[in-house]
Amino acid sequence: MLRSLTVLDLSTNNLTGSIPDSIGNLRNLKILVVKINYLTSRIPSSLRNCSELRRLNLGQSQLTGHISEDFEAFLNLVYLDVSHNSFYGELWDRWDQLPNLTSLKISNNDLSGNIPPGIESATQLRLLDLSSNHLVGAVPKNFGKLVLLFNLTLSNNKLSGDIPEEIGGLSSLQHLDLSGNNLSGPIQGKVGECVNLLNLNLSRNRLTETIPYELGKLQYLQNLDLGNNLLIGEIPPEIGNLKILETLNLSHNLLSGSIPSSFSGMSSLTYVDISYNHLEGPLPKTKAFEDAPFQVYRNNDRLCGNKISLVPCSLKQSNGDNGRNHNKVVLSIVVPILGILFLIVVMAFLVHRNRMRDNEIEPNRASNKNLFEIWSFDGKLVYENIIQATEDFNDKHCIAMGGYGAVYRAELPSGQVVAVKMFPPSQDGELANLVSFMSEIHALTEIRHRHIIRLLGYCSHPRHSFLVYEFLEGGTLDKKLSCEEEALSLDWDKRINVVKGLADALSYMHHGCSPPVIHRDISSKNVLLNLEDVAYLSDFGTARLLNLHSSNWTSFAGTLGYAAPELAYTMEVNEKLDVYSFGVLTLEVVMGRHPRDLMSSLSSSSLDSSPPPSYGIPLKDVLDKRLPLPRNQEEEAVVLAVKIALACLRPNPQCRPTMQQVYVALSKHKSHLQNPFLVITLGQLLDVNFPNA
């Protein structure tokens with residue numbers, strides 16, 4: 001009976017020792033997955049008897065052996081993953097013996113020697129990841145013949161020489177990572193011909209000369225990292241043409257001149273690092289630069305702007321040396337006037353403070369400063385407007401109940417509608433949830449994103465302490481999904497956009513903020529929608545700013561049913577907690593209900609290590625039956641979302657993707673279905689390849 005077995009999955013079973021020799025008796029075996037175990041020996045020679053093997057995944061299993069000798073017999077392989085093991089030796093040079101290979105991942109091993117030039121014979125190769133090994137020599141020019149390649153990752157090796165211009169012929173390439181090597185010479189302008197590139201990372205090399213203007217042709221580029229090189233000259237204005245670029249790192253180079261004015265049009269840019277160069281002139285007036293911390297523009301020659309450690313941009317920088325004398329005249333007039341204005345402001349503040357002391361409404365001064373801040377208007381006036389609009393927080397204006405307080409709708413006299421989250425006081429008059437109150441303020445004043453709720457102001461007061469947000473008319477996602485009529489209006493396109501929007505927000509929080517922000521309570525109750533069903537992440541009361549230089553521990557936080565399983569035995573805060581919760585939420589969006597039963601079934605397995613019964617469930621049977629089955633592009637998007645959700649729910653946190661990888665995959669990748677949609681099972685969606693982001 002077992003001899004006819006075609007699929008064997010032994011992953012994540014805490015196996016030790018070695019793979020049993022008896023596995024060689026499974027002559028019809030086509031798929032073998034032994035990833036995430038504790039095997040310390042070589043693969044058995046009997047495995048060569050399984051000549052029908054198509055997919056072999058031994059990743060993260062602590063195996064050892066000679067890479068060429070142990071795998072040269074598997075001529076029918078389509079997919080091979082032996083990453084994060086201890087395989088050694090040089091890569092095989094008979095690539096023509098692997099005509100069907102599409103994915104090869106041997107990252108984080110002990111490979112040595114050169115990358116053989118005969119790799120051009122693997123004409124079906126789409127993904128090649130040889131990162132974090134000890135490879136030397138040049139990047140083969142023959143890579144240019146692998147026209148189907150969409151992911152080439154050779155980072156963290158000891159490769160040297162130029163970047164071959166032949167790479168520019170890879171029109172399907174979406175991810176190119178050559179970082180952490182000893183590459184030298186110029187960045188070839190031909191790279192600009194890889195028109196489908198999403199991520200380009202050439203950092204931590206010895207690249208010289210100028211940044212080629214041709215990179216401005218990469219209209220789909222989302223992440224560009226050229227940091228830690230020896231690049232010179234000015235930043236090409238054409239880089240400003242990258243309208244959907246999200247992260248840009250040009251730090252630790254020898255760049256000079258001013259930042260091009262074209263950067264002012266880069267509205268999608270959320271993170272930029274230009275530190276340790278010789279740049280001068282004003283910072284662009286864009287969100288990425290205006291919100292940037294000091295570390296990302298430090299150590300430049302003569303940058304100016306309204307930022308920490310930068311001098312204000314003088315007329316000399318705007319108009320040249322002819323304005324020097326004019327500046328002195330202006331300063332001689334402006335400085336005395338500013339001094340007088342300062343005295344007036346101080347006197348007004350003292351008068352206002354005395355009045356506030358005599359007023360019934362007195363802000364809480366427990367932290368030695370006035371925490372009453374709502375926009376730039378008269379705080380007391382706005383406070384009174386909110387009290388009046390909510391009728392002193394009457395229940396009839398309550399629109400939601402959260403873990404730390406109620407949320408009210410308030411329409412101000414100006415006509416503006418806001419949401420007010422009120423934190424109740426404790427019996428002694430102190431703020432009962434002070435930590436949550438301050439966490440939310442701290443997090444939301446540090447981050448700005450199109451899919452994150454916007455904090456407008458806050459008030460700390462013995463009688464009423466509250467936060468003021470923009471008001472979103474669509475309500476919470478959980479209410480939308482639980483209401484029959486509203487769930488029907490949330491069609492497949494809108495649901496996929498909800499998932500993409502949240503992935504975008506979490507990717508920004510984890511990878512675009514310094515320090516990273518971990519939400520810790522991702523759930524459908526904490527996702528708000530506007531009238532167009534655009535999603536916004538809310539409720540940052542449990543959010544943490546991650547300290548990258550120490551351990552991060554905390555008490556339990558989150559919502560049961562969304563919290564990652566490792567919280568049962570560790571209280572360490574890291575981004576993988578949010579990744580897991582995102583996976584739960586994604587399944588909830590496509591299923592129309594919380595996936596607790598499905599998750600319980602997926603995590604179970606029998607004693608003989610056979611796949612859980614739910615692996616055989618057709619995907620169509622778990623989708624929200626209130627909607628018609630998705631078709632065409634909707635179909636592929638839903639399948640991809642479920643694949644990603646299952647990857648986010650992997651028991652081992654280190655095996656979950658990053659949110660940056662998730663967002664890139666949702667934005668550009670396709671699932672490349674091999675079977676008709678209606679017969680796809682959940683078990684067939686367990687493997688998904690993510691780009692290195």
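This report describes strand pairing and one buried lysine in a predicted model.

Local features rest on pLDDT of at least 70 and side-chain atom pairs on pLDDT 80 or more, while totals for chains, interfaces and linings use all residues. Residues are numbered from 1 along each chain as its sequence is written, and side-chain values use heavy atoms, with hydrogens and water left out.

**Strand pairing**

An open sheet of 12 strands, paired in parallel, follows the order 1-3-5-7-9-11-13-15-17-19-21-23; strands are DSSP runs (E, at least two residues) numbered from the N terminus, and two of them pair if DSSP finds at least two bridges between them. Its edges are strand 1 (7-9) and strand 23 (271-273), each of which pairs on one side only. From one strand to the next the twist averages 10 degrees, with axes fitted to C-alpha atoms and angles running from 0 to 180 degrees between N-to-C directions. The table lists parallel pairs, including some among strands 8, 10 and 12.

| Parallel pair | Bridges | Residues opposite each other |
|---|---|---|
| Strand 21 (residues 247-249) and strand 23 | 3 | Leu 248 and Val 272 |
| Strand 8 (residues 86-89) and strand 10 (residues 110-113) | 2 | Tyr 88 and Asp 110 |
| Strand 10 and strand 12 (residues 134-138) | 2 | Ser 112 and His 134 |

**Lys 576**

Lys 576, which lies in helix 10 (residues 575-591), is buried (under 20% relative accessible area, 1.4 Å probe, protein chains only). Lys 576 has no salt bridge, meaning a side-chain nitrogen of Lys or Arg within 4 Å of a carboxyl oxygen of Asp or Glu, and the nearest side chain of opposite charge, Glu 575, is 4.9 Å away. The side chain of Lys 576 does, however, reach the backbone oxygen of Arg 656 at 2.7 Å.

Methods
Helix = DSSP H or I, 4+ residues; strand = E, 2+ residues; numbered from the N terminus. Buried < 20%, exposed > 50% of the residue type's maximum accessible area, 1.4 Å probe, protein only. Lys, Arg positive; Asp, Glu negative; His and termini not counted. Polar contact = N/O pair within 3.5 Å; in protein donor to acceptor, adjacent residues only side chain to side chain.
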